[in-house]
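User: I've got this structure open and I'd like to talk it through before going back to the bench. Can we take it piece by piece?

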Amino acid sequence: MSLEPQELDELKSKIGRVPTSTELEIVAAQWSEHCSYKSSKMHLKMLPMTGPLVINEKGYDSGVLDVGGGYVVTAHIESHNHPSAVEPYGGAATGVGGVVRDILSAGTRPIAIFDGLRFGNIEKDKQARWLFKNAVKGIADYGNCLGIPTIGGEVEFDDCYQNYALVDVACVGFGRKDKLIKNHAKKGDVVVLLGGSTGRDGIGGSQFASDSLESEDRSAVQIPDPFIEKLIIEAILEARTQKLIHAMKDLGGGGLSCAVSEIADTLDIGIEMDVNKVHTRENDMHPNEIMVSESQERMLIVTSKVKLKKLQKICEKFRIGCSVIGSVTFDNKVHVKKGNKTFANLSADIIANATLLDLPSKKPSYLKTITHEKKLKPITDYSKMMMKFLSAPNIASKIWVYSQYDHEVGIRTVVKPGGDASVLRLDNGKFLSVKIDGNPKQCYINPREGAIGCFEEACRNVVCTGAKPVGMLDHLQFGSPKDPEIFWTFLESLKGLTDFAKDFGIPCIGGKVSLYNETPAGSIKPTPLIGVLGLIDKKPLVPQKIIDGDCLVIVGDTKDELGGSEYFEYIHKFIGGNCPTVNFKESKKNMNAVLDIISKQIIKSAHDCSKGGLAVAVSELCMTSNIGCNVSLDMVPGEKLSFDRILFSESHSRYLLTVEKKNISKLEKILKKYKVSFKNIGEFGGEKIRFNHNNTSVINLRVDKAHKTWINSLRDLVLHG
Amino acid sequence: MKVGVVVFPGSNCDRDMYHVLSDVFHFDTQYFWHDKGLPKNIDAIILPGGFSYGDRLRAGVIAAHSPIISDVQKLAEKGIPVLGVCNGFQILVESGLLPGVLLKNESLNFMCEWTELIVENNKTPFTNKLKLNQKIPIPIANGEGRYYADDDTLKKLKKNNQIVFRYSDVVNGSANRIAGVCNEDGNVVGMMPHPERAVESEINPIDSKPSSLIFESLLVQMGAKN
């Protein structure tokens, strides 16, 4: 039970009596942080939620974008952090299942999954390795079985996630605008529970997720069954096409309690239901258990009695459970019975709307000195350091992860995972580019600029494929909001994201807040994760193989911004310094210039410069095309810096363009027109990745050796420690 | 000329296969749900990939007992071309229509990557337009894709020219690098890689022509018959 004493008093005064035990369970689930957003909701309103493409309908769990030609794209993001930290396989798998059902709820077919994973230090910590390995397997087994490609994501390791895990899953859907579910209900409509049976798994899951992680309560973790989910997807899409669904909601956190009360509250109706009608896995379940079980693969559907027969026929075809558990009433009450006996009878709006909190915030004291840099120890051999850097878990290729995900099924994947953003083809001839990005190291040093940086980085990634950013998903993950210093970091991040979204005209189409991400050892670093959706009208930029003689052009300034960089943290074991900041004007200019260049088809590839800085970004280009490069660091535009800072600064708004020599003057002409900062800094060829400064070679690596280290190190680390 | 795409609970490449057959190669294509029979006038049958019955017990083993499989068997005996891709291949071996079994990959992981096939038999209804030893860039996506058969069976496969495709490299530990086989008559073919994911240049980063020849072969085969 997680109702606070004052919440219990409040409930009593609202209903004018002592609540029954079932009512207490229902309200506790719905008023949990996880379901009610009580600490964050009043602040989230600052984000811009509307835009020319956004379709706002009541009751959707996902954002909807009109992409033209009668089609829509839906998108949502969820996390399953607490469950994944104790049972990574089931936690991660059911995380996928939940967000997929959110997409399905709008009446669209899920077409792509993205995952953002964060764990402790896998070089040192066996537990972190175990969590990582099994979370990846959980996502793979679930997504692969559904036939939804997992086409992008990111993986990061940081000491702040010791004994913990962040598993974020985003899903994108696609469908016809005229087939979207328009949530509504008529008097006499029936309420149907469709899908898997209700068991004792996941009981109290939403409360478990609304507290810091101290006990390993495995029974609060849900059990995944992707086969049932696949059948539900096909059954519901068939029912949608036959227009059999009036309203629909997936069962997630809080189980039936939340689904029933939220659908009743949204549609302004009442629902009377009988727990005896729910198909259960065990036959001695108490009504309280049935109401808050978070058993997976279940959907709540409102339909008419006439359409019910057709719906039941579809469920028979797919052999999935379909129980009529109740009916629509007009007293706005959630009335839960077992046979004739009433167990709960409460107003839907009381259950669905917890009192929102305006929690105090205070700037954390650690931020006062965080920008002070310590003296770095000298590095004698940068080539040797660079080889170590390329094998660092945060820098190394993530191929071990994404090769376990079917990223081709659905035959839409035009730009495959492993590069910047992934690109899907849509049925209206357009292309959708999507990327998710987070950066807790920078967000810790500067919560505002760090969050903006994640947003801009995700934008840069989709821009590199030729896409214009059209929508954003935010997932805000922090520690306990009751700690004013943590809550301050939450507010700062949110304000930063809001400012960027408004300035760039990119609406927030969906999001999620996950708080209490803590273990007895402390809170995680602020970890906002930003997903950006970009649209390409004509042709995406599919990176072409780089060959001898191609040129390397950098767009954007390199500044003294190494705070939170991999170089400081992994090589120098130093947390602090100047966090990279985004100059909105410069950022926009660079973005527009790169988009124009891509649309004119004069470059071979565009690559974002971020984690690990210029050194890593250039190496990635070389390793992927198996070719060397000669880079002159003296030519890099920006502040005058020592060469290691030029190599490893993580300044934003920078792009690496590769171009055939014959197109270089055309390229320069356009860049000049946009008045952006740029330079031709190198030429590809040979077998060595070479960075030169003042006519001296500072890094000199054989590309084949670098590639071998970069591509295999993560797999070797997971398999052999 | 009618091609049937058989759909089992958990099939997930059925729609991709349908799209390629009907929109790219203009076959008259129709879905068939697993619990029904197949019409007699069908000209070719495709078993698409996916996770029929969630890969429970073993990939393909439950679907192999579906009512529709007995019809597939009857039509196969009459010489109708049958192609099983990925889970479809697993179902064909589990139902005894093709020899051998498919085991977990050597890495014990699901593997999704682009590989290269070598054509070993170009006399089947799905390979007649390909050249012997021709190379096909094509993606795999499976967890249980390692072909295995005992030595006697492998010898027999070689002798009867039943090995249709081999991988160029060692990919997952398959016996003799086998990626696809056929029955003795050559009309039933199973393969682990996904040709339907490789025939459109928009999504094939290497070369979409060789995979297209798999479907063009079927066009030739069916044209010859009519």
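User: Let's start where the chains meet. How many residues does the contact take from chain A and from chain B?

Analyst: Keep in mind that this is a predicted model. Residues are in contact here if their C-beta atoms lie within 7 Å. On that basis the contact takes 21 residues from chain B, and from chain A 22 residues.

User: Which elements of chain A give two or more residues to the side that touches chain B?

Analyst: By class, that side of chain A has eleven nonpolar, seven polar and four charged residues. The elements giving two or more of them are helix H7 (126-146), H9 and strand E14 (413-415) of chain A.

User: Now inside chain A. How is it divided into domains, and how many angstroms separate the centres of domain 1 and domain 2?

Analyst: Domain 1 covers 1-31 + 183-354, domain 2 covers 48-180 + 417-538, and domain 3 covers 543-721 of chain A. Taken over C-alpha atoms, the centres of domain 1 and domain 2 of chain A are separated by 26 Å.

User: Which element gives the most to the side of domain 1 of chain A that touches domain 2 of chain A?

Analyst: In this contact, 35 residues of domain 1 of chain A meet 34 residues of domain 2 of chain A. Helix H9 (226-241), strand E8 (247-250) and helix H10 (255-267) of chain A each supply at least two residues of the domain 1 side. That side divides into 16 nonpolar, eight polar and eleven charged residues. With nine residues, the element that gives the most is H9(A).

User: What radius of gyration does chain A have, and what would a compact globule with 721 residues have?

Analyst: The C-alpha atoms of chain A fill a box of roughly 90 × 50 × 45 Å along the principal axes. Buried residues make up 62% of the 721 residues in chain A. A compact globule with 721 residues would have a radius of gyration near 27 Å, which agrees with the value for chain A, 26 Å.

User: Let's zoom in on strand E16 of chain A. Is Phe431(A) in E16(A) buried or exposed, and what about Leu432(A) on the other side?

Analyst: In a regular strand the side chains alternate between the two faces of the sheet. On one side of E16(A) sit Phe431(A), Ser433(A), Lys435(A) and Asp437(A), and on the other Leu432(A), Val434(A), Ile436(A) and Gly438(A). Eight of the eight residues of E16(A) are buried, so this strand is largely enclosed by the rest of the structure. Both faces are covered, and Phe431(A) and Leu432(A) are each buried.

User: Which residue of E21(A) stands opposite Asp437(A)?

Analyst: E16(A) pairs with strand E15 (residues 422-425) of chain A in the antiparallel sense over four bridges, and there Arg425(A) stands opposite Phe431(A). E16(A) also pairs with strand E21 (residues 527-536) of chain A, again antiparallel, over eight bridges. Opposite Asp437(A) in E21(A) stands Ile530(A).

User: Over in chain B, Cys86(B) has a positive phi. Is Cys86(B) buried or exposed?

Analyst: Cys86(B) has phi near 55 degrees, a positive value in a residue other than glycine. The residue is in the loop between strand E4 (82-85) and helix H3 (87-94) of chain B. Because 20 or more C-beta neighbours within 10 Å make a residue buried, and Cys86(B) has 30, Cys86(B) counts as buried.

User: And Asn133(B), is that residue buried or exposed?

Analyst: Asn133(B) is not a glycine either, yet has a positive phi of about 65 degrees. The residue lies in the loop between strand E6 (111-119) and strand E7 (135-142) of chain B. With 10 other C-beta atoms within 10 Å, Asn133(B) is exposed.

How values were computed
Residues are numbered from 1 along each chain as its sequence is written. Chains are lettered from A and ligands numbered from 1 in the order in which they are written. This is a predicted model: local features need pLDDT of at least 70, side-chain atom pairs count only at pLDDT 80 or more; totals for chains, interfaces and linings use all residues. Domain bounds come from an automatic or database domain assignment. Two residues are in contact if their C-beta atoms, placed from the backbone, lie within 7 Å. Ala, Val, Leu, Ile, Met, Phe, Trp, Tyr, Cys and Pro count as nonpolar, Asp, Glu, Lys and Arg as charged, and the others, Gly among them, as polar. A residue is buried if 20 or more other C-beta atoms lie within 10 Å of its own, exposed if 12 or fewer, and partly exposed in between; C-beta atoms are placed from the backbone. The radius of gyration is taken over C-alpha atoms; the globule rule is 2.2 Å times the number of residues to the power 0.38. Two strands pair if DSSP finds at least two bridges between them.
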